[in-house]
Amino acid sequence: MEQENRINGIFSRKTTIKVGFGTTKHAALSETYWFVKELESGQFQVQSLDMDFKPQGQPFTISRNKLFEDYHLEPDLSYRLLSQPLLVGDHYRSTAKYGNAEQEYLKIKRIDEDNIRANFGLGLVYLSLEKTDKATYIFDRLVRLEEAFEPKHKHLFNEFGISLRKKGLHEEALKYYFRARELSPNDDHLLLNIARVHYEQNRLSEAEAAAREALAINPDLVEARRLLNRIWDGPPREKPLPDI
């Protein structure tokens with residue numbers, strides 16, 4: 001199932017418990033909150049949340065029937081604790097308020113450690129803040145996450161790869177793009193970005209091969225032809241290549 005169609009959010013669960021002793025003993029309704037994430041298997045990973053909505057205890061898996069029978073989606077909480085911080089974080093990042101953006105993305109990761117867009121955003125923030133070690137750590141997490149490279153995330157991994165390249169992290173950028181190619185082998189722009197990295201490393205034969213492959217997929221890709229012209233003209237120039 002495509003990740004965008006999977007169930008993911010904060011749920012509540014109401015149970016009846018016995019409280020008091022002797023003649024004061026009575027039934028009471030207890031409400032607890034859980035972060036639920038649908039897995040590729042169709043099962044659901046369930047993680048208990050404390051009163052501050054921080055994960056506690058060990059996650060476990062349940063069936064779809066069990067989820068719908070015992071748990072209830074809390075859309076307001078899901079928006080306030082997951083969706084809204086993402087929107088705010090993206091806004092702060094786009095306006096270069098990187099410290100604020102980091103705080104918003106970390107709010108999401110506190111609940112959903114593997115949230116794709118939060119990890120992408122946080123990695124970009126760390127690159128902008130010159131926190132290369134932290135950015136590399138995020139990069140390693142993203143490379144290991146299968147769903148990070150679904151087609152709907154194309155613009156995210158493209159932006160992250162470009163940022164890695166601009167920071168001189170050429171090998172990291174290449175690993176990232178090669179991982180992306182496993183799920184998007186016919187992406188002409190991805191091939192062009194691979195060619196750019198090779199070009200900046202002065203590995204001209206590899207750059208030419210990737211650019212030619214991009215053109216084989218899309219003969220109208222003007223940027224690939226321009227890159228080939230640069231390669232044929234001689235070694236890389238000081239003037240940087242424009243990004244797409």
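These turns ask how labels on a predicted model follow from its values.

User: Why is R141 called buried?

Analyst: Its relative accessibility is 13%. Buried means under 20%. R141 therefore counts as buried.

User: Why does E113 count as partly exposed?

Analyst: E113 has 36% relative accessibility. The partly exposed class lies between 20% and 50%. So E113 counts as partly exposed.

User: What makes R141 and E113 a salt bridge?

Analyst: Their side chains meet at 3.9 Å, N to O. The cut-off is within 4 Å, so the pair qualifies. R141 sits in helix α5 and E113 in the loop between α3 and α4, 28 residues apart.

User: Which residues are joined with R141 into one network by salt bridges that share partners?

Analyst: The network joins K109, E113, D114 and R141.

User: How do you know that R165 and E200 form a salt bridge?

Analyst: The N to O distance is 2.9 Å. A salt bridge needs these atoms within 4 Å, so the label holds. The pair links helix α6, which holds R165, with helix α8, which holds E200; they are 35 residues apart.

User: Are R165 and E200 buried or partly exposed?

Analyst: R165 is at 5% relative accessibility, so R165 counts as buried. E200 has a relative accessible area of 32% and is therefore partly exposed.

User: What makes K37 and D112 a salt bridge?

Analyst: The closest N and O atoms are 3.0 Å apart. That meets the cut-off of within 4 Å, so the pair counts. K37 lies in strand β2 and D112 in the loop between α3 and α4, 75 residues apart. Both residues are buried. A search of the whole structure finds 18 salt bridges.

User: How do you know that the end-to-end span of α7 agrees with its number of residues?

Analyst: Helix α7 has 12 residues, 170-181. At 1.5 Å a residue, the expected span is 16 Å. The end C-alpha atoms are 16 Å apart, so the two agree.

User: Where do the buried residues of α7 pack?

Analyst: They pack against α4, α5, α6 and α8. Among these buried residues are H170, L174, Y176 and R179.

User: Which residues touch the most other members of the largest nonpolar core?

Analyst: F120, F160 and Y176 do, in a core of 53 residues. Helix α4 gives the largest share, eight residues. Beyond four places in sequence, F160 touches F120, L124, F139 and Y176, among others. A second, separate core has eight residues, including F11, V36, F44 and I62.

How values were computed. Residues numbered from 1 in each chain as written. Predicted model: local features only at pLDDT ≥ 70, side-chain atom pairs only at ≥ 80, totals over all residues. Heavy atoms only, no water. Core = buried A, V, L, I, M, F, W, Y, C linked by side-chain atoms within 4.5 Å. Buried < 20%, exposed > 50% of the residue type's maximum accessible area, 1.4 Å probe, protein only. Helix = DSSP H or I, 4+ residues; strand = E, 2+ residues; numbered from the N terminus. Contact = heavy atoms within 4.5 Å. Expected span 1.5 Å × (residues − 1).
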